[in-house]
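Colleague: Please take a close look at one part of this model, the helix packing. Keep it plain, as I am new to this.

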Amino acid sequence: MPDTALLNTIDAEIDGAREALVGLCGRLVAAPSMSPPGHTAGVAPIVETFLSAGGVASERVFCDPDAPNIVAHVDGVGTGRQVVFNAHMDTMQAGDESRWTVPILTQTRRGGRLYGLGMGNMKGALAAMCLATTVLARHREKLRGRLTMTAVCDEVMFGERGAVHLLGARPDVHGDFLISGEGPGFMELAIAEKGLLWLDVEVKGDGGHSSRALTGRTAVARLAAILGRIDQINSMYATVPLEITGVTGGENNAGLRVSLSAGTISGGGVRSLIATQARAEIDVRLPPGVTAAEIEQRVREAANRDPDVTVTAVKAWDANWTALDHPLTLATVEAVRTVRGAAPAFVVRLPGSDARRWRDLGVPAICYGPQPTLSAGTDDFAYEQDVVDCAKVYARTALGLLNGG
């Protein structure tokens, strides 16, 4: 049976720490960690100091001193299961700064929102996990097993210095359950996330003066024809695997649709000459039920109508998920229902996250966090109450899993 008194105490302690939580968010925002280059050396001491003040020792684990990861353990009494919190310390770039109406690296607290670069992705969740860790640490004598807090670098650009390095160097952070602070948007619960496929398509052809160009014969025109053919893949929807039947694709059902985009296109260098080469770098996001191999084959079939085309696979992984009836999913739903007053919708997260790194090791993982929309952007923000609520959800879920028998 859940310890209702302990859960209520934890909720009250988190409510009482609202100003400390908001202050932590402000300090995290003020420490630049945009990726690239993804340096987190300025964020790490803020996390370490907060944890230390809450009685939680931490350590740095890194292969690049400019991009450290943080690990902290809270051990309960006796042996038991291990719950891992994971948040990343790097952020996206700000984009066109002239479009921002608030300072990028200064927290603005206004209208129930906390503005600042990285608040949605994901310094708000990082702060909430830090607070949940220190609150649970006060009650460690009532915990079984181990709670682990990980704050990593290099998530934004799929780098190797963050969770990849940490999981390889430190088996003690693998755990039995992974709770990622990556919000899929709108305080929904992501039990799955799309896979990824990167392909490079290159067309070569004869050159010459542009006055000799023929319909459909130049390298650029032939590349354009291929892109037109594979654009139809954007209309392809997945058949959801049975164990996650009930998951939705979220806004516009995007989580259950294949998305394909040519992120960069290049060809030629002189206006008046026929380009002898044209190249497109393709990004495909794969819903559960559609594999990278399947889409790669479709692209190759579309491209191979032209003998002078090369398709190169750069990077790929399939969609990944945790079952709806898994104890981790059920514990998270119960925590959200209690804290928020209603169960969350189950969705497929559109971008990748470090949750995949743990799932690749066989560790079940979910993503839940205070990102208010589908992705961070201009005037990045998180709702203040969402950050507070996430701290409660993380603490309640961890406690339920550790002490749940």
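Modeller: Start with the angle words: under 35 degrees is roughly parallel, over 145 roughly antiparallel, 65 to 115 roughly perpendicular, and the rest oblique. This is a predicted model, so local features need pLDDT of at least 70 and side-chain atom pairs pLDDT 80 or more, while totals for chains, interfaces and linings use all residues. Numbering runs from 1 along each chain as its sequence is written, and side-chain values use heavy atoms, without hydrogens or water.

Take helices H6 and H7 (helices are DSSP runs of H or I, at least four residues, numbered from the N terminus). H6 covers residues 219-230 and H7 covers 292-303. Their axes lie 9 Å apart, at an angle of about 140° (lines fitted to C-alpha atoms over the stretch in contact; angles run from 0 to 180 degrees between N-to-C directions). H6 and H7 are therefore oblique to each other. H6 crosses H7 in a right-handed way (the near helix is turned clockwise from the far one by less than a right angle). Ile226, Arg229 and Ile230 of H6 touch Val299, Ala302 and Ala303 of H7 (contact: heavy atoms within 4.5 Å). This contact of H6 with H7 has five nonpolar residues, one charged and no polar (Asp, Glu, Lys and Arg are charged; Ala, Val, Leu, Ile, Met, Phe, Trp, Tyr, Cys and Pro are nonpolar; the others are polar).

Next comes H4, residues 119-138, with H10. Their axes come within 8 Å and cross at roughly 50°. That makes H4 oblique to H10. The crossing of H4 and H10 is right-handed. On the H4 side, the contact uses Met119, Gly124, Ala125, Ala128, Met129, Leu131, Ala132 and Leu136. H10 answers with Val387, Cys390, Ala391, Tyr394, Ala395, Ala398 and Leu399. By class, the contact of H4 with H10 holds 14 nonpolar residues, one polar and no charged.

H10 (384-402) also helps to line the second largest pocket, as do H1 (4-16) and H8 (327-340). Each of these three helices supplies at least two residues of that lining. H10 gives the most, with five residues. Pro2, Leu7, Arg396, Leu399 and Gly400 are the closest to the centre of the second largest pocket, out of 17 lining residues. Eight of the residues in that lining are nonpolar, five polar and four charged. Leu399 of H10 thus appears twice: in the contact with H4, and among the residues closest to the centre of the second largest pocket.

Note on methods
1 Å grid on protein atoms, 1.4 Å probe; cavity = no way out; pocket = protein on both sides within 12 Å on 5 of 7 lines; lining within 4 Å.
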